[in-house]
Amino acid sequence: MGSAFIPAYQVLAPPHTEPGPELHITVVFTNFDDTKQALQAAANLASGLRADIDLVVPEVVPYPLPLVRPAVPPGFTLRRLMNLAREADVQASIYVYLCRDQVQTLLQVLQRQSVVVLGRRKRWFPTKPMLLARALRKRGHQVILVKCRKNLM
Amino acid sequence: MSSGRILVVDDDPQIRRVLRTTLIAQGYEVVDARSGDEALERVRSEKLDLVILDMNMPGMNGIETCRSIRSNSDIAIVMLTVRDSEADKVEALDAGADDYVTKPFGSPELLARIRAALRRLPQVATGLQTVRVDDMEINFTTRRVTVGSKEIRLTPKEFDLLQYMVSHPNLPLPHTKLLQSVWGPDYGDEVEYLRVFVNQLRKKIEKNPSSPKYLITEPWIGYRFQLRQDSK
């Protein structure tokens, strides 16, 4: 059974003047600092591949709340994400999904054999992005874990 | 079309000027650098066929520069020096130089040594070859790839990667070597980037990307371009 999710918002990047992209690189939102670095890594990768970048945000709504009413208004989240893409200097299409389970939602919304970029911190224990990467790889997606540095500013 | 792109590294502006004039007259494209550091920067950022390197330079000397270039590149290197002892020649050749010319030298000798060094380069690196494998044709001069009668659109990076692999056929190429040769010496750990590019290339040139015939994975090492012995 597929987990419930709602596509809340999407902001599409401006269309290409050249023939359409050959690949979509999906950056999955983890947190603002790491996602910014993941977006920059994705842009670096995309420049050599004629690829588009999609920023996918599976926002988990806890069970006490109805799925359509997340704790943080989606409009506010979207504005922060647009600022994030601007700060990273990346033209990305943004997709926000309201869901109960992040992994299940990603497995449903990602295309087959997607290239996924995730920011991660170096830790001795398996972190959330690492577990997510493992789940996505099991389903045949190609996951790039970007080592992120702590933002000292 | 130029006969090759040559970097002249010498701290003496007069020698740089003379070499530039001589080489341009022979149809070479010439760029120059005044120091070892500048030369390394040029090698890193530009596509070159040969380096003419002075052995005695202030700061980073010719031998150190030669070693640094050789650690990241297969480019031809000809050393220039006023010293002609056997030990100096051995040191230069051991540092990775392909040839050694003692000052003062005549232009015909230097040009002959440049031609010889360029001849020894893999043909693909000089951009003159077309490779045909089954129904695939890769033209390194026009940077076009056709499969059957269909032209395949490759991005510049994809083409560079394919070119490097085709120029080292049937050899296992480690991830680090591929990354540094195609992306530059600052790369080496980005194995996942390489995987994405190889997958994209497979989708474009292989009939069955999930069971590739040309771009073969060498487990735990890197990739190999499989070229049949009868392919040209």
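A polar contact is a pair of N or O atoms within 3.5 Å, and a contact of this kind is found at the start of helix H3 of chain B, where a side-chain oxygen of Asn61(B) lies 3.0 Å from the backbone nitrogen of Ile63(B) and Asn61(B) thereby caps the N-terminal end of the helix. The model is a predicted one. Over all chains it holds 5 aromatic pairs and 16 salt bridges, and a selection of these is described below together with the surroundings of H3(B).

**Helix H3 of chain B**

- In H3(B), which spans residues 62–72, the buried residues are Gly62(B), Ile63(B), Thr65(B), Cys66(B) and Ile69(B); they lie on the same side of the helix, because the arc they cover around the axis is only 160°.
- The cover over these buried residues of H3(B) includes helix H2 (36–45), strand S3 (50–54), strand S4 (76–81) and helix H4 (86–94), which belong to chain B as well.

**Aromatic rings**

- Phe29(A) and Phe32(A) form an edge-to-face pair, with 5.0 Å from centre to centre and 75° between the planes; Phe29(A) counts as buried at 14% relative accessibility, whereas Phe32(A) is partly exposed at 26%.
- The ring of Phe32(A) also has a charged neighbour, since Arg80(A) lies over its face at 3.9 Å from the ring centre.
- In chain B, Tyr214(B) and Phe225(B) form a stacked pair, 6.1 Å centre to centre with 20° between the planes, and this pair links distant parts of the chain, with Tyr214(B) in the loop between helix H8 (191–205) and strand S11 (215–218) and Phe225(B) in strand S12 (residues 222–225), 11 residues apart.
- Both Tyr214(B) and Phe225(B) are buried.

**Salt bridges in chain B**

- Asp134(B) forms a salt bridge with Lys213(B), the closest N and O atoms being 3.0 Å apart; Asp134(B) lies in the loop between strands S6 (130–133) and S7 (136–139) and Lys213(B) in the loop between H8 and S11, so the pair ties together parts that are 79 residues apart in sequence.
- Asp134(B) is partly exposed, with a relative accessible area of 35%, and Lys213(B) counts as partly exposed at 47%.
- Glu137(B) and Arg132(B) form a salt bridge in which the closest N and O atoms are 3.1 Å apart, with Glu137(B) partly exposed at 27% relative accessible area and Arg132(B) partly exposed at 45%.
- A salt bridge between Arg144(B) and Glu151(B) has its closest N and O atoms 3.2 Å apart, and its partners are partly exposed, Arg144(B) at 46% and Glu151(B) at 44%.
- Asp99(B), Glu109(B) and Arg113(B) are joined into one network by salt bridges that share partners.

Conventions:
Residues numbered from 1 in each chain as written. Chains lettered and ligands numbered in written order. Predicted model: local features only at pLDDT ≥ 70, side-chain atom pairs only at ≥ 80, totals over all residues. Heavy atoms only, no water. Buried < 20%, exposed > 50% of the residue type's maximum accessible area, 1.4 Å probe, protein only. Helix = DSSP H or I, 4+ residues; strand = E, 2+ residues; numbered from the N terminus. Arc of directions from axis to C-beta. Contact = heavy atoms within 4.5 Å. Polar contact = N/O pair within 3.5 Å; in protein donor to acceptor, adjacent residues only side chain to side chain. Phe/Tyr/Trp six-rings, centres within 6.5 Å; stacked < 30°, edge-to-face > 60°. Lys NZ or Arg CZ within 6 Å of the ring centre and 35° of its normal. Salt bridge = Lys/Arg side-chain N within 4 Å of Asp/Glu carboxyl O.
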